[in-house]
Amino acid sequence: NQCMTRLRECYDRTDSVHRSEFVGYHLLYCLYEGKSDVGRVYSSVPPELRRSSHVAHAWAVCCSLLSMEYVQFFKLAASSSQLESCLIKLVADHARVATLRAMFKAYKQEKRIELTYVADVLGMTHSTDSIAKLRGMLAEFGASVDDRCLLLHADTDLRVNSTRKITAMGGR
């Protein structure tokens with residue numbers, strides 16, 4: 001893969017001060033690529049680099065997403081550096097879909113979930129723009145929304161079709 005090749009070339013040319021930063025990016029890129037060997041990559045990192053803030057943060061991001069700890073994932077994403085956040089944004093949509101699916105299952109009996117709570121869980125703010133973006137995303141997924149709440153129906157479930165567009169199946 002050309003991106004990883006370039007990253008390794010930069011890593012080989014950099015001084016030891018920045019090596020941990022490149023290792024952190026490598027872990028996040030492996031997560032983006034969907035590689036199941038993120039753990040193997042991490043285990044090959046020397047202990048002194050594992051203790052660095054860049055590698056520790058990237059590893060925490062990987063672990064939170066792989067263990068489906070979505071709230072933790074979005075908290076870590078919010079505390080990421082600029083370049084880390086660029087890589088994390090590549091997997092954030094997947095994490096949002098997975099989070100919404102989990103919320104649909106967990107809160108079906110509630111029938112309604114406050115949009116501000118959904119925004120909190122998805123790592124979004126309560127600003128007008130952010131809530132509007134959330135509404136748009138939920139509408140794109142086919143979910144029902146009223147003035148303040150996401151409306152759940154007993155037979156509603158988020159599905160990803162072959163074009164990777166998410167749609168809500170069932171009652172509306």
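**Secondary structure, burial and cysteine geometry**

Along the sequence, the elements of the protein chain succeed one another in the pattern α-α-α-α-α-α-α-β-α-α-β-β-β-β. The secondary structure thus described amounts to nine helices and five strands. The coordinates are those of a predicted model, and the values reported below are computed from that model.

At the level of the whole chain, 41% of the 172 residues are buried. The accessible surface of the protein chain comes to about 9900 Å², of which 52% is supplied by carbon and sulfur atoms. With regard to contacts between residues at least 6 apart in sequence, 50% link residues at least 24 apart.

The strand arrangement was examined next. An open sheet is formed by three strands, which lie in the order β1-β3-β2 with antiparallel pairing. The edges are occupied by β1 (112-114) and β2 (144-145); each has a single partner strand, so one side of each has no neighbour in the sheet. The pairing of β2 with β3 (residues 149-151) is antiparallel and extends over two bridges. Within this part of the sheet, Ser144 is positioned opposite Leu151 of β3.

Among the helical residues, Ser20 was considered individually. Ser20 belongs to helix α2, which spans residues 19-33. The relative accessibility of Ser20 is 9%, and Ser20 is therefore classed as buried, since the class requires a value under 20%. When residues up to four places away in sequence are disregarded, Ser20 is in contact with Leu49, Ser52, His54 and Val55.

The cysteine residues were then assessed for disulfide formation. For a disulfide, two cysteine sulfur atoms must lie within 2.5 Å, and zero disulfides are counted by this rule. In the case of Cys63, the closest cysteine sulfur is that of Cys62, at 6.8 Å, which is too far for a bond. The relative accessible area of Cys63 is 30%, so Cys63 is assigned to the partly exposed class. Cys86 is likewise partly exposed, with a relative accessible area of 41%. Both assignments follow because the partly exposed class covers values between the limits for buried, under 20%, and exposed, over 50%.

Methods:
Residues numbered from 1 in each chain as written. Predicted model: local features only at pLDDT ≥ 70, side-chain atom pairs only at ≥ 80, totals over all residues. Heavy atoms only, no water. Helix = DSSP H or I, 4+ residues; strand = E, 2+ residues; numbered from the N terminus. Buried < 20%, exposed > 50% of the residue type's maximum accessible area, 1.4 Å probe, protein only. Contact = heavy atoms within 4.5 Å. Areas by Shrake-Rupley, 256 points an atom, 1.4 Å probe, with all protein chains shown as cover. Pairing = 2+ DSSP bridges.
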